[in-house]
Amino acid sequence: MTLIVKVIARVVSPLIMVFGIYMILHGHLSPGGGFPGGVIIASAFVLLTLSSGKEVAYQKLKESTAAVMESVGALIFLILAVLGTIFGGWFFLNFLPKGEPLRLLSGGFIPLCNIGVGLKVGGGIFAVFLTLILFRLSEKGEGD
Amino acid sequence: MLFFLCFALFLIGLYCVLIKKNLLKIVMGIIIMEYSVNLFLIMVGYKAGAVAPIVTAGVEKANFVDPLPQALVITAIVIGIATLALMVALCMRVYDRYKTFDITKIRRLRG
Amino acid sequence: MPEIELYLLITLMIVGALVAVHTRYLISAVISLAVVGMALAVAFLYMQAPDIAITQIVVEVLALVILIIAVSIGKEVMDIKGKWEILAIGVTAPFVVIFALFAYRATSQLPPFGSPLMTVSQHYVQEGLKQTGSANLVTSILLDFRAYDTLGEATILFTAILGAFAVLRKIGRKGK
Amino acid sequence: MNLVPLFMAIPLGAAFIVVLLGRFKEAVSDAVAVIVSLILTILSFVLIIPLSQEGIFVYRMGRWIPPWGINLVLDGLSLLMLIIINLVAFLAILYSVSYMKKFTAKSTYYGLFLLMVAGMNGVVLTGDFFNLFVFLEIAAIASYALVAFGVEAEELEASFKYMVMGSVASVLILFSIGLIYSLTGSLNMAHVGTILQGQNGNLISFSMILFLAGFGLKAAIMPFHAWLPDAHPSAPAPISAMLSGVLIKALGVYVILRIFFNVFGMNIQLSWIFMILGCLSMVGGGLLAIKQEDFKRLLAYSSISQIGLIMLGVGCGNYWGILGALFHLFNHASFKALLFLNSGAVEYSTGTRELKKMGGLSKAMPFTGATSTIGSLSISGIPPLNGFWSKLFIIMGLVYAGRYVLAVITILVSVLTLAYYLKVQRYAFFGKLGEGLEKVKEVPPLMCASMVALAIICVGAGIFFYPIMKTILEPAVRVLQEGVGYSNLILGG
């Protein structure tokens with residue numbers, strides 16, 4: 001890629017990431033939420049990877065980091081589900097106080113769930129992307 | 001009639017899956033089918049003259065479209081991209097082994 | 001009345017899909033597919049579904065990137081013309097036509113466009129904010145009323161990633 | 001009864017743990033997988049007694065009352081499926097501990113395996129259409145990846161074929177769910193059942209056709225069977241056992257039973273469709289199986305034939321037919337898993353799947369030989385073994401329903417089954433030792449143990465069929481015979 005693309009990608013990707021985080025945190029108030037926010041964060045990394053080349057990106061952010069991000073997200077989600085069982089006796093019970101509507105801190109555990117889902121989706125999609133882009137063809141095929 | 005157009009999109013995808021000989025074209029056919037189903041679900045939930053199902057300050061009891069299909073479609077979209085990723089991984093791996101995307105040349109299994 | 005726009009958008013999608021199916025270059029097929037996806041996102045926006053529109057756009061971009069990776073890995077840029085394509089069309093066409101006729105009769109019995117039943121959703125619309133505290137009702141359904149679905153969906157993503165890892169391993173069996 | 005969500009939570013959590021920890025040491029992932037599947041098996045047996053007292057149990061996820069939230073339903077039919085799934089999964093995992101040493105990335109394998117089990121448990125427990133779709137996709141995606149686990153050329157191709165068919169089936173199912181939603185405005189199965197009672201029309205029959213096509217593809221009933229003979233033989237042997245023994249039943253047959261009996265309600269046309277499709281797959285699968293030379297392909301075609309038998313039994317709709325079909329569901333899981341594990345053991349020791357290249361293996365591999373004889377006799381319906389009873393019940397059901405021709409066809413297909421399993425026995429296990437097989441040894445003890453356990457289940461279920469019938473099968477039959485009354489039980493309770 002040319003220098004212009006590289007520089008612009010490097011400038012823009014933090015902004016994209018901030019937008020993704022905003023979307024995750026405000027998921028219960030405005031359009032958005034964990035899924036699109038997570039995918040937006042992943043796409044910021046994808047932009048970096050595509051602009052600065054496979055090798056550079058691979059040195060900066062390994063698949064294992066993305067995989068850890070994903071596992072943490074999944075664990076947040078599962079732990080919230082299990083905490084519902086512990087505090088209220090039902091799986092996935094929204095056990096936190098609901099708060100005042102239309103504020104950032106409202107909706108019980110929904111913002112926390114959004115964070116979990118966001119991490120999970122972001123990490124997961126970026127991990128898939130990395131495995132696909134790092135795949136190299138072998139020299140000769142085994143077919144005919 | 002709108003519903004039927006949506007179904008026509010579905011049939012185009014099905015046709016692509018059944019006819020085409022290229023692995024990637026088959027994948028695209030499946031993607032088209034998924035699009036049509038997502039469109040159908042949202043159409044089912046649309047209510048004429050209603051607004052998006054987000055409560056804003058001041059407007060307490062507004063006329064909302066059906067929020068349930070929207071929640072389903074978000075899930076369906078993410079399932080779609082997960083399937084796509086695995087399918088593309090399989091395609092690349094098949095290409096790695098056979099050096100072709102042509103299913104008429106990839107015929108090791110009989111029957 | 002958003003119906004005229006919707007007709008136009010769906011027509012655009014059908015045209016895009018037909019181009020994607022029939023074009024000879026794989027890369028142009030991918031681009032036409034992206035046209036379909038973007039038109040779909042706009043259609044979602046017209047039908048008052050901003051959450052879905054955002055998700056569709058970002059997922060569409062990623063799907064495009066993934067498909068382009070797949071196309072660029074191969075040296076074949078052209079679609080394959082099968083010898084038996086006409087025969088295959090001959091076999092499938094009647095089946096598809098019968099299916100379409102049946103679908104037409106069935107879809108004419110659906111509730112008319114723009115007036116959903118909302119048997120269950122009425123409850124979400126009226127009580128959703130009070131019971132979950134989330135102003136975005138889609139989020140309240142996704143993460144509270146039907147949070148179990150979301151767990152399953154996150155698991156699907158995990159499964160697909162694990163599957164992609166497994167499929168893309170260099171060596172499958174030891175000692176080969 | 002707060003144990004119900006554990007059937008999904010435990011394998012899901014274990015899958016995450018296995019994948020994270022398995023990188024460091026393989027033995028950890030072995031241990032976690034075996035222990036988790038053992039716990040699940042014990043749990044599913046523990047639930048028999050409380051369920052027989054309560055009859056049905058509804059668990060409300062997140063304390064939302066049924067039509068608004070998702071509910072899990074545990075009744076006789078779900079419990080029967082849970083027992084089948086977790087028992088076979090436990091034995092297959094036990095077998096994999098030794099068998100999968102030939103493959104790389106064992107922890108990924110266990111992760112996918114546990115996810116597949118979680119998906120199937122979710123499908124049989126859920127009471128909600130969309131949730132069913134989500135868990136069905138988990139199980140299906142895990143199985144696509146597992147079929148291609150060896151990453152050899154034909155495995156990848158089979159997996160791709162399977163995946164295309166499976167995705168088309170999933171899209172058809174989702175479309176049908178959309179139609180149902182637009183018609184009723186609800187996704188809860190029981191609620192939909194009450195709304196749809198007494199209604200009919202093009203739209204309902206269209207969504208029925210879509211469901212039948214979608215789940216028929218998953219179950220590999222005859223016109224939709226094309227993927228199965230490629231996908232099932234290509235997978236590693238324990239996965240073939242899971243796919244043929246459990247997956248096509250949990251994702252295909254079970255869901256067809258649940259939706260058509262408990263939500264739409266059976267009628268005479270539907271039962272004819274079931275019987276015709278069943279008869280077609282039974283005869284077609286049998287005829288295609290007899291000319292196969294590959295051990296695992298033969299077993300795969302035989303699976304199509306046996307699924308057809310189950311559909312035939314369900315289609316005749318009376319007590320004996322349904323009882324026989326459900327018993328055959330259980331029996332087929334046991335002996336088909338056993339036979340696939342046997343084929344895996346033979347492949348493990350000799351390195352071939354061609355029947356013509358084997359011979360005399362019962363001397364070299366006594367456990368494999370003996371258990372495969374039991375499995376073959378059982379699937380062909382030889383008296384004291386379990387296959388005999390279920391086939392007898394199905395034939396009784398057909399005779400009571402007055403379908404004499406179908407009963408005769410079933411008996412003929414039984415003879416055909418005996419013929420091709422005798423072929424397997426003669427080529428592979430009896431006669432002279434094949435060339436180049438002098439150094440063949442018995443497989444490692446854990447593999448033997450799981451094969452012997454399955455053989456014991458085959459014999460035991462044959463001898464003690466009466467207690468099994470009373471404790472496990474009759475509640476399941478009652479669920480199906482209640483038909484659409486299922487809705488009232490859930491929404492009332």
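Student: Are H6(D) and H7(D) roughly parallel or roughly antiparallel to each other?

Tutor: They are roughly antiparallel (angles over 145 degrees count as roughly antiparallel, under 35 as roughly parallel, 65 to 115 as roughly perpendicular and the rest as oblique). H6(D) and H7(D) pack at an angle of about 175°, with axes 9 Å apart. Axes are lines fitted to C-alpha atoms, for helices over the stretch in contact, and angles run from 0 to 180 degrees between N-to-C directions. Helices (H or I, at least four residues) and strands (E, at least two) are DSSP runs, numbered from the N terminus. Remember that this is a predicted model, where local features need pLDDT of at least 70 and side-chain atom pairs count only at 80 or more, while totals for chains, interfaces and linings use all residues. Residues are numbered from 1 along each chain as its sequence is written, and chains are lettered from A and ligands numbered from 1 in the order in which they are written.

Student: Which residues of H6(D) meet H7(D)?

Tutor: Two residues are in contact if their C-beta atoms, placed from the backbone, lie within 7 Å. On H6(D), the residues that meet H7(D) include Phe129(D), Phe133(D), Ala140(D) and Tyr144(D); on H7(D), Tyr162(D), Gly166(D) and Ile173(D) are among the partners. By class, this contact has 13 nonpolar, three polar and two charged residues (Ala, Val, Leu, Ile, Met, Phe, Trp, Tyr, Cys and Pro count as nonpolar, Asp, Glu, Lys and Arg as charged, and the others, Gly among them, as polar).

Student: How many residues does the contact take from chain D and from chain B?

Tutor: It takes 27 from chain D and 29 from chain B. On chain D, helices H6 (129–147), H7 (153–184) and H10 (228–234) each supply at least two residues. H7(D) gives the most, with 17 residues. That side of chain D divides into 19 nonpolar, four polar and four charged residues.

Student: And which helix gives the most to the side of chain C that touches chain B?

Tutor: Start with the totals: 75 residues from chain C and 67 from chain B. H3(C) gives the most to the chain C side, with 13 residues.

Student: At what angle do H3(B) and H7(C) pack?

Tutor: Helix H3 of chain B (residues 67–98) and H7(C) pack at about 10°, axes 9 Å apart; they are therefore roughly parallel. Ala82(B) and Leu86(B) of H3(B) are among the contact residues, as are Ile156(C) and Ala160(C) of H7(C).

Student: What is the mean pLDDT of chain D?

Tutor: pLDDT is the predictor's confidence in each residue, from 0 to 100. Chain D has a mean of 87, and 99% of its residues reach 70 or more. Among its elements, H6(D) has the highest mean (93) and H21(D) the lowest (75).
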